[in-house]
Amino acid sequence: MPTIDKERNTIIISKPIVHTSAACYHCGTDCITNSIAIDEKVFCCEGCKLVYEILNDNGLCDYYKLQSHPGLSQIKPARSDKFAYLDNEEIASKLYKFTDGNHTMVTLYIPGVHCASCMWLLEHMNKLAAGITESRLNFTSKEVTIRYKRDAISLRRIVELLTTIGYEPYISLDDATQEKTKNYNKQLIYKLGVAGFCFGNIMLMSFPEYLSLDKGIEHEYAFLFRILNLVLALPVFFYSASEFFSSAWAGLKQKILNIDAPIVLALIITFARSVYEIATHTGSGYLDSMSGIVFFMLVGRVVQERAYKSISFHRDYKSYFPIAVNVVTKDGIVSKNLQDLQEKDVVELHNDEIIPADAILINGNARIDYSFVTGESEPVLIEAGKLVYAGGKQVGEKITIQVVKPVAGSYLTSLWNHHSFAKNKAEKNNRDSMIHVMSKYFTIVLFALAAATAIYWWANDPSKILPSVSAMLIVACPCALLLAATYTNGNLLRLLSNNGLYLRDATVIEQIGDATHIVFDKTGTLTQGSKQFHVTGHQLTEAEKAWVYNTAIHSQHPYSKALIKYLGAFPVTNLDKWEEHTGKGLYAEIEGSTIQIGSAAFAGVTLEQSGIQPALYIRINEKVTAFYIITEFRGEVTKLIPALNERYSLSLLSGDNDRQRAELQSLFGQNSQLLFEQKPLDKLHYIKKLQDGGQSVLMVGDGLNDAGALQQSNVGITLADDINNFTPSCDAILDAGKFAKFPALLKLAYSGKYIIYFSFIISILYNIVGLSISMQGKMNPMIAAILMPVSTLSIVLITTGLGSFVAKKSGLSLKA
């Protein structure tokens, strides 16, 4: 069994290890050894075993019955002081949703939630710690709400407990600086409920008069039903329909005639004529048609909203930064709110921690990963006294930096505050939507026909002017057009999300369909995180490879796992000595030889301060081998790029060097432009240049360095290995696991406008029938009540059927 030498910060293995092919009882990962076991259950690491022991001691092993191997793999022990900043009440209070001084409620985002077992365990947190009174998980948003007593347990202890069992919360500066947006608009649900209730009852009380035909019903009953219908129509008109009134008014204030304007006009005319007919005892009005159309339009909007309510598309750099950092003071290490960080503050950073502000390196070996900021995939070696920039991530040992610019003045913040982020892309796209353009012409034609009808009846029978013109405006309002767009887009949003593409809103579908040029980022988009190596120096013999393999298999470090994959399988043999020096490397002794795997300093190698640095070194006695990381393309890329090339112009923008230019040029074709060593602003300006040339640009990226380009583009799509992890502000998020479906998804979005056109033609046919009856002055409430649901049902069936047909034909899944 491994033992921990706390003084030397090492893990030492002295017991022989036996190879096994068993799966870890906790997470399902293949176990390299059977030495980590308890109760005849084998685990892949000490972290998984520890979680099992905690759950077993607290009677929570039903966790393993709900789903086989439900745990997360590679559970790493956290530093004892990692969450010390939560002891600072000023910082912790920013996370509280409620507190009375003792009883407190906090909501934490848990990225690792993935199954029913996760939900069951997180909702039984009260059995793991006495101070927790209740915990509830929102599985869709991956947020757990915990109520606890502060006199019994601290927030730090709760977070540490979650981390220990494999569900480390993601706590960022964003949690402290803004209120989270609600998942959905509750007012819209209330309006829909009111409209549905009133519509159903109005239809029910309209049936006696409709079905009585020429016989009629008693006058007192007819008038009673009409009054009840009017009472029920009031909340529909003044409350449920306010959604359309506010939208139309907002458009008129900006001198824009959007599709809601003629709809509102039709609703007003319908309501006014119905009130007039009921008051003068000349008819029952069209209240059922009015309430029905409001109900169906609200259904469409709710369907759209719920299709993308669980994904966040409006994130900035605050979602990437930690909420607090460790500041070195004369009194020791103090946790400080990131927003309170000032110039000359000295900050201590550990492995995998984010540089919070532009600073100067004071102490330690800085190996900074800027891939999320610049796109450069290789970590950069920084000397003491040199600048390090906010957003970079330290890879390796502990370092100390001194802040030269606070967060607000850092390079990363200046990038995010570029003027391109001030654009309201969604508002512009919505304003330019084909629906509003079609609505404008529809309204002009309708008013022209109404005017012609009025002139005709003025010359022939003036008493029919008001009934015929008002009936035309009631029957032929562009509600059918809006319904066609709403239900088409709602169905497409559902189909797209079922296949891994999550859109910000329905206007993005049309923008994707109009795209003519696709721009790809390289690092993290076309490439993936798995490591491949290029080897220089001493070439390892088969015996040496076996020694290195047996040294690396005991480590959970990503480089160790990549090294094992590169070497291939070797028989497991006993080591005379094995040590892991955290943040530095591995040391082993076998058959009289010493093996060192790790950084240049750990292997005793003098580094050149220029050029690309090796990822790790292997030193066997006096022989040194250097391993450089080679970027590996995602498996789908070789088929995906040629498929897109058939229809779109393509470009590649990368912050990385151009060592793969020849391979990429062959993949993209000679007509595609490939630009390397591009800074974030360079990417933004390139897209602006394409747009000035008349191109509609779709950008696919993944990192903070792509944020400006994603915002500048007509459509910005972020590729994410985990759709709930941090992604830049964008129009859509594409699940990296579904990247192969990207061409088919674009084809489905492109088909959307043609489905809307076809649905609109169908609605026009119904309008022709309704208008022909209305222009003759023969329209009555019963005919209107029949035309409205029939046309609505037809549109719903057509849009749903055509969307599903195109998706299936493109090879997409109809279900999640």
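Let's start inside: the largest nonpolar core of this predicted model has 50 residues, and L128, Y148 and L155 are the ones that touch the most other members. Who else chips in? Two or more residues come from each of helix 1 (46–57), helix 2 (63–66), helix 3 (89–92), strand 6 (103–109), helix 4 (116–122), strand 7 (132–138), strand 8 (143–149) and helix 5 (155–164). Set this core aside for a second, and you'll find another one apart from it, with 45 residues, including L526, V700, L734 and A744.

Back to L128. If you skip its neighbours within four places in sequence, L128 is in contact with I54, L55, N58, L60, L121, L161 and I165. One of those partners, L161, is also among the buried residues of helix 5, together with L155, R156, I158, V159, L162 and T163.

So what does helix 5 look like from the point of view of its surroundings? It is largely enclosed by the rest of the structure, because 7 of its 10 residues are buried. Those buried residues pack against helix 3, strand 5 (96–99), strand 6, helix 4, strand 7 and strand 8. Right after helix 5 comes G166, with a positive phi near 95 degrees.

Positive phi turns up elsewhere too. Most residues other than glycine have a negative phi, which makes the next two worth a look. E40 isn't a glycine, yet its phi is positive, about 60 degrees. You'll find E40 in the loop between strand 3 (37–38) and strand 4 (41–42), and with a relative accessible area of 84% it is exposed. H281 is another non-glycine with a positive phi of about 60 degrees. Its place is the loop between helix 10 (260–279) and helix 11 (287–307), and its relative accessible area of 42% makes H281 partly exposed.

Now for the surface. Y221, L224 and L228 form a nonpolar patch there, and together they have about 270 Å² of accessible area. L224 belongs to helix 8 (residues 219–240) and counts as partly exposed, because its relative accessibility is 42%.

Last stop: Q712, in helix 24 (residues 707–712). Is Q712 buried or exposed? At 7% relative accessibility, Q712 counts as buried, since the cut-off for that is under 20%. Which side chain does the side chain of Q712 join in a polar contact? The partner is Q691, at 2.8 Å. K688 sits 24 residues from Q712 along the chain, but the C-alpha atoms of the two are separated by 6.9 Å.

Terms used
Residues numbered from 1 in each chain as written. Predicted model: local features only at pLDDT ≥ 70, side-chain atom pairs only at ≥ 80, totals over all residues. Heavy atoms only, no water. Core = buried A, V, L, I, M, F, W, Y, C linked by side-chain atoms within 4.5 Å. Buried < 20%, exposed > 50% of the residue type's maximum accessible area, 1.4 Å probe, protein only. Helix = DSSP H or I, 4+ residues; strand = E, 2+ residues; numbered from the N terminus. Contact = heavy atoms within 4.5 Å. Patch = residues over 30% accessible without salt bridge, like charges linked within 9 Å, V, L, I, M, F, W, Y side chains within 5 Å. Areas by Shrake-Rupley, 256 points an atom, 1.4 Å probe, with all protein chains shown as cover. Salt bridge = Lys/Arg side-chain N within 4 Å of Asp/Glu carboxyl O. Polar contact = N/O pair within 3.5 Å; in protein donor to acceptor, adjacent residues only side chain to side chain.
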